[in-house]
Amino acid sequence: MEGLSVLLIDDSRAVRSVIKTLLHGLGVADVFDSGDGEEAVVLANTCRPYVALIDYDLGHASGLDVVRGLRDHSLTHAPDLPVLLLAPVDLPYLVDGAAEAGANAILPKPINASKLGASLETVINARRVSEVRAILAFH
């Protein structure tokens, strides 16, 4: 995963720190992180990440709103950026909302290195965003 860059949006500094550690352990070169969902679009435009990991519950905002912002052609240079939504497994109603917002998959929290690595490998190996959605099943 050398050379891979990841956009990480989570309102918890502690969670961001753990996920960054996991990502670096997997060989991810650059992690651009923020606790602010509004900053996600700015980071996506300036840092040009390969994939985004966005928490569903950002405290005062919804990760689904951030995903919608990243899909908005008038706001971002990369509306096809693969987006993996981080969410608790006990939210079955979230699947339809995540797909509608444009997320490619849901990664259940808590995240472990194995699941994260496998999901990133899928994104790397997919040729198009539609393939990412088809390969990574919503839970």
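**Exercise 1. Find the residue in β4 that stands opposite I54, and place this pair in the sheet.**

Solution. I54 stands opposite L85 in β4; here strands (E, at least two residues) and helices (H or I, at least four) are DSSP runs, numbered from the N terminus. The model is predicted, so local features need pLDDT of at least 70 and side-chain atom pairs count only at pLDDT 80 or more, whereas totals for chains, interfaces and linings use all residues. Residues are numbered from 1 along each chain as its sequence is written, and side-chain values use heavy atoms, with hydrogens and water left out.

The next step is to look at the strands themselves: β3 and β4 pair in the parallel sense over 4 bridges, where pairing requires that DSSP finds at least two bridges between two strands. A further bridge partner in β4 is V83, which belongs to A52. On the β1 side, β1 and β3 also pair in the parallel sense over 4 bridges, and I9 stands opposite I54.

Finally, these pairs fit into an open sheet of 5 strands with parallel pairing, in the order β2-β1-β3-β4-β5. β2 (30–34) and β5 (105–109) stand at the edges with a single partner strand each, so one side of each is left without a neighbour in the sheet. From one strand to the next, the twist averages 25 degrees.

**Exercise 2. Determine which way the residues of β3 point, and whether they are buried or exposed.**

Solution. Begin with the general expectation that in a regular strand the side chains alternate between the two faces of the sheet. In β3, V51, L53 and D55 point one way, while A52 and I54 point the other way, and all are buried, a term that stands for under 20% relative accessible area, with exposed meaning over 50% and partly exposed in between (1.4 Å probe, protein chains only). Since 5 of the 5 residues of β3 are buried, the strand is largely enclosed by the rest of the structure.

For the chain as a whole, buried residues make up 49% of the 139 residues. As a contrast to β3, take R13, which lies in helix α1 and counts as exposed because its relative accessibility is 66%.

**Exercise 3. Identify the residues with the most contacts inside the largest nonpolar core, and the elements that supply this core.**

Solution. The largest nonpolar core has 25 residues, and those with the most contacts inside it are I54, L70, L85 and L94; such a core is a set of buried Ala, Val, Leu, Ile, Met, Phe, Trp, Tyr and Cys residues joined through side-chain atoms within 4.5 Å. At least two residues of this core come from each of β1, α2, β3, α3, β4 and α4. Apart from it lies another core, of 17 residues, among them L4, L8, L86 and I111.

To see the surroundings of I54, list its contacts (heavy atoms within 4.5 Å): leaving aside residues up to four places away in sequence, I54 touches I9, G63, V66, V67, L70, V83, L84, L85 and L86.

**Exercise 4. Explain why helix α3 (residues 63–71) is described as largely enclosed, and state what covers it.**

Solution. First count the residues: 7 of the 9 in α3 are buried, so the helix is largely enclosed by the rest of the structure. The buried ones are G63, L64, V66, V67, G69, L70 and R71. Next, identify the cover, which includes α2 (37–47), β3 (51–55), β4 (83–88) and α4 (94–101). Lastly, at the start of α3, a side-chain oxygen of S62 reaches to within 3.0 Å of the backbone nitrogen of L64.

**Exercise 5. Locate a cis peptide bond and a positive phi in a residue other than glycine.**

Solution. The general background is that most residues other than glycine have a negative phi, and most peptide bonds are trans. The peptide bond from K109 to P110 is cis, with omega near 0 degrees, and P110 has its place in the loop between β5 and α5 (113–125). Phi of R48 is near 50 degrees, a positive value in a residue other than glycine, and R48 lies in the loop between α2 and β3.

Key:
Polar contact = N/O pair within 3.5 Å; in protein donor to acceptor, adjacent residues only side chain to side chain. Axes fitted to C-alpha atoms, helices over the stretch in contact; angles between N-to-C directions.
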